[in-house]
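Me: Please take a close look at a single part of this structure, a loop with an unusual backbone angle, and then walk me through how similar spots and the helix packing look elsewhere. I'd enjoy one connected account.

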Amino acid sequence: MEWSEWALSLAVFIPALGAVVTMLIPRAQEEAVKWVALVTTLATLGVVVGILVDFDYDKSGQLQFQVNNDWINVINSRYHIGVDGISLPLLALSAFITVLCVIYSWNHWPEPHNPKAFIVLMLVLEVGMNGTFVAQDLILFFVFFEIVLLPMFFMIGVWGGPNREYASIKFFLFTLFGSAMMLLGFLAIYFKGPNTFDIVALSDWAGQDLTHSTAVLIFGAMFLGFAIKVPMFPFHTWLPDAHTEAPTVGSVLLAAILLKLGTYGFVRIALPILPEAAEDWAPFIGLLAVIGIIYGALGCLAQTDMKRLIAFSSVAHMGFVMLGIATMTSFGINAAIFGMVAHGLITGMLFFVAGSVQHNFHTREMSRLGGLLTQAPKMGWILGFCAMASLGLPGLAGFWGEFPALLSAFEPLSTLSEETFRTYMVIAAIGTVLAAGYLLWMLSKVAFGTPKAEFADAEIHDVNAFEWTAWLPILLLIVALGIFPNLLFGVTDDAVCVMTDKISEQVGADSTCDEGGDTVPVAEHE
Amino acid sequence: MFFLDNAWLVPLIPALSFVVILLFGKRMPFKGSEMGIAAVGASFVLACGAAVQWIQRVGDAEEGGTEHAFGAFGAFGRSIGRIGEEATEGEHGPIVESVHNSFTWFQNGGIDLHVGIQIDGLSVMMMFVVTLISLLVHVYSVDYMKGDRRFTYFYAALSLFTASMLLLVVADNTLMLLVGWELVGVCSFMLIGHWWEEKPNSDAAIKAFLTTRTGDVGLLCGVIMTYFVVQQGTGTGSFNIEALNASAAGYLNPVSGTLLFWCAAALLLAIIGKSGQFPLHTWLPDAMAGPTPVSALIHAATMVVAGVYLGARVYPVFYEGLNIGEANINLMAAVGGITVLIGAALAFVQDDIKKVLAYSTISQLGYMVMALGVGAWTAAIFHLFTHAFFKALLFLAAGSVSHSGAHHSFDMKKDMGGLRKYMPQTYVTFIIGTAALMGIFPLAGFWSKDEILLGASEGDYTLFLVVGAVGALMTAAYMTRCIYLTFFGEYRGGDHAHATPHVDEAEHQPDEDDRLPDHGHHGGPHESNRWILAPLWVLAAFSVFAGFFNATWFDIEKFTEWTAPNAEVFVELQHHEFDVLLALISTAIALFGAALAYAYYWRGLGPQRLSERNGLARTGKQFLVNKYYLDVLYTDVIVAFVKGPLARATYWVNQNVIDNVLNYAGKGAMVFGRFTYDVLDQKVVDGAVNGIGTITDSAGSEVRKIQTGRLQFYAFMLVLAVGVFALALWIAA
């Protein structure tokens, strides 16, 4: 068999194999368990790197490494997987972050310990995450989307903080509700549409035979499913609780990958399959997005718990991503994908640091912390760096998620209201000031000043070798993407243009992609 | 044209130096300072090379020998864009094209966006100023920061700042300019908060960052709009500055006037934030919490003029957007004019020498923005040029006073006085800087300020001529007061025990591993050593002579010639003839101001201690001492409201309304669905709890009962909602 036919399946199912192997190892043999986890995730990353190398970037608009086999014939659902420029970065992010989570956990197992169970859950989680990003069939997508749910539920429910049961069930029920809605939408598409679950075929169909009101309603069902996962205001209340209670690695995976499943769903499924309904929903989605930006920032300002603050900041950041998507333009969706990756790296990193701070001080109450820069200078500087990245400093990755999203809001798809989206742009831009506010205040409370009396003599460990190994790749990537945004835009742009051009055509709007893409825009004048 | 084509090296070298100092600085013999000095020195040499080559290029163009090296961007030229333009070309003098060098930065929507350099007179001038002052500050800091607890980080941050500022200067597109702009902001944040152990310092740093960030909302929106200005002008969106200027100046396809206005207004907000203009100037005096070399470099000579630079760089946007050519008042001139006066007024009531200088900087930046606002483009950047030297000089001299004469205090009333005897060289250089700032003939400030006034008088901006003259009067007076308090009268510092060290610099004490000999930190007031004096004298020389580049009285207009923008893509600039009468009047006004202050402080003439006797005067002084209550408004009203009640209310809504909305709905639904509820309670939620229980037991932990019944409501509501939605779909279908 050809490598290209197996690559994606390997990337999805190697972690499953690793999970099975782990289950066979006795609980007491922790070293063996850890090594299996590391080897598994590294192998998965290796496969993904192979895919990155073999990927034809000139044709990033087409699905590559495709496999399209029979699966559940009775409902015409197929095992159809593939990657294009939109899903590739997210697949890579997922494989990448999981490895780092294993490394970070090496000596950091949260209570009640039990690395074996934890690792099984982490590997199952990876199956779901990777699978969601490659699935090209709605049922397959749904299955992977749901696989993610259980491991995270148990991670929070077992290894979480004091309020873990409440948080985990809240997380579970919220997302389950969303999933149910989403499935409802998928089924409606199947029965009302061309009796297929194939995402590619459905994107070509693009909701043509539906009456407008039905399409709008179906979009609404999918919207709920994805918006809860993102999470968008006002469906976000599960997020701060889940993050606050989750163990560090759980928070990192939740922030870095799981939230992206929702936004990815919008880009991959909701927009292309029902573009006309999306157009109706866009101003509303944009509105919720900018409310989320301001509201999330204000929520951050009210926090006293460092981790909960970072959790709330996700609501604001994902608002920028959703604003980009709501404009339905090439610029906006490129920005959204960049924003997803950047937020995954930066917020994931912030959760790592918050986890290590808690590990050191056994508290995350910012009023008790202070002077991190004196006690653990390296960690303090990393926190400062991440805060700067998170507030969207140009030259670091976060900026390229925000700025093009704002730009796209100035000129959304030509059939959308300019005034509305320009208002959103200004509001979102004001959100960047608030973001600077809560991040810098957090930084000054945690890192500046002198250590509080209770910790003045405490022995505080600065960044250790495992932390460096887990963190350095993320930090370097944040800088690299900030300086060379084309590392990512270059991959996504063609795929996004193919998609947005189709959407523009469907709704009768002007293309938002420049045909030639030539270097110098030469003025047209006589 | 090596130096021009490769001007990207100028920012790159300090950027590399930043990385090297960060990684290896602590292990270097001089803890990284040698690396910083070497890197900035190299950049300075390259910048000088670029300056020489640029001047040659201008010279070649004048002789008509220029090869029209139509690069990619020549396409924007007005000689192409407009028909029959050749006839007028003569009036504008020769066309000197800027030098470009760029590559693809990123691709979006099928459009390649470039990163690259645009080198012309303006950027060459800025490169020269930034690298020179940065080099001097690097040298000065060797002694001034000696023994500082974060000496190496200080140099790393200086390098990063220099790199960012140079990036901003050479940028050929507004997006890259924005990148540099934000990066200098971060460096400013790092350096203001250099001694972050003390809360006032970190608060000042955060205040500076947030205030400028508020202005940056304008920058974000403005830069976005520049993209669309170019799109309207050329048909394809771009951030390219020359394309922007040509589009805005109207040489290409017509651009919407509304768009230009909003673009100008948004960018003006950015200028207000960065360049300390009213009403966002309040961060600049607080920024004095940083080390003095930082104040000289960042908060006097370079970063704060980034706003003015932006205004000059994309001037056609302002010129057309705000209709500068035809009006007699506009937003930009008004902002600048107000800032001139309010800044100068506040300088009178400061006891801290650095704060006097900070308000003076605000006021002088006001002159520059006002100059742009009245159409005097060359005057604005000329004043930027001269001001950089004499204001950096004044700050560094003030640092010298504090360092060697006042036990690290900056309080003129408590710890200074009579220092001219102890610190003759510092005194002389400070006097030179002051005279230049006052605009005394023939020092640097005279020429540049004169051009601004000339610009205001020749347009219909008479009001701003008056503002400029009043500002000159006030400047002379408050600087005379400052000199009196610092250098004349009796020395008030006393011995070390009685000094009240400035809180920010109090901890500035040598480390144990400080290998250089102590140079008398604990002695009485004395002259500083040569690390500090050498930069002062260099700056003093520039403060005297820099004005002669454009000594219009003697028909020397080299500065105008060298910095003239490419007329093909720029609006037409005014040209002013020297006006002897105006020059005499403005000098007389300055001297009068100095004389008034002299009479008041030296001779004790005039109403002394008026504010203690007269209620009105007291109120006025109180108003000034409280900085027009703007800080109260920002910090205690706006920020406190957002951080306090607003944030808390939002969070309260989050916890008690949104989070519970399903609960409330669930309670209502419960009445109708008792039976379903019971089933659900038993089967679904308990089932879930048992499920966790099993796992948790195996993990060796006890499961506690779910804390509330909230979740049960959730579960019920969720199922119900799915059902309702399914029904709705069914009906709609």
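**A loop residue in chain A**

Reply: A:H113 is partly exposed, with 15 other C-beta atoms within 10 Å (20 or more such neighbours would make a residue buried and 12 or fewer exposed, partly exposed being in between, with C-beta atoms placed from the backbone). Do bear in mind that this is a predicted model, in which local features need pLDDT of at least 70 and side-chain atom pairs count only at pLDDT 80 or more, while totals for chains, interfaces and linings use all residues. Residues are numbered from 1 along each chain as its sequence is written, and chains are lettered from A and ligands numbered from 1 in the order in which they are written.

What draws the eye to A:H113 is its phi, near 55° and so positive in a residue that is not glycine. Most residues other than glycine have a negative phi, and most peptide bonds are trans. You will find A:H113 in the loop between α3 (87–105) and α4 (115–134) of chain A (helices, H or I, need at least four residues and strands, E, at least two, both being DSSP runs numbered from the N terminus).

Chain B offers a counterpart: B:N323, not a glycine either, has a positive phi of about 55°. B:N323 sits in the loop between α15 (315–321) and α16 (331–347) of chain B, and with 15 C-beta neighbours inside 10 Å it counts as partly exposed.

Loops also hold cis peptide bonds. One runs from A:F233 to A:P234, with omega near 0°, and A:P234 belongs to the loop between α9 (212–229) and α10 (238–245) of chain A. Another joins B:F278 and B:P279, with omega about 5°; B:P279 is in the loop between α11 (257–274) and α12 (283–286) of chain B.

Now for the helices. Chain B has 31 helices and two strands, and 57% of its 733 residues count as buried. Take α6 (residues 121–144) and α7 (residues 151–170) of chain B: their axes come within 9 Å and cross at roughly 175° (axes are lines fitted to C-alpha atoms, for helices over the stretch in contact, and angles run from 0 to 180 degrees between N-to-C directions). The pair is therefore roughly antiparallel, the word for angles over 145 degrees. Among the residues making the contact are B:M126 and B:V130 of α6(B) and B:L158 and B:M165 of α7(B) (contact means C-beta atoms, placed from the backbone, within 7 Å).

Notes:
Angles under 35 degrees count as roughly parallel, over 145 as roughly antiparallel, 65 to 115 as roughly perpendicular and the rest as oblique. Two residues are in contact if their C-beta atoms, placed from the backbone, lie within 7 Å.
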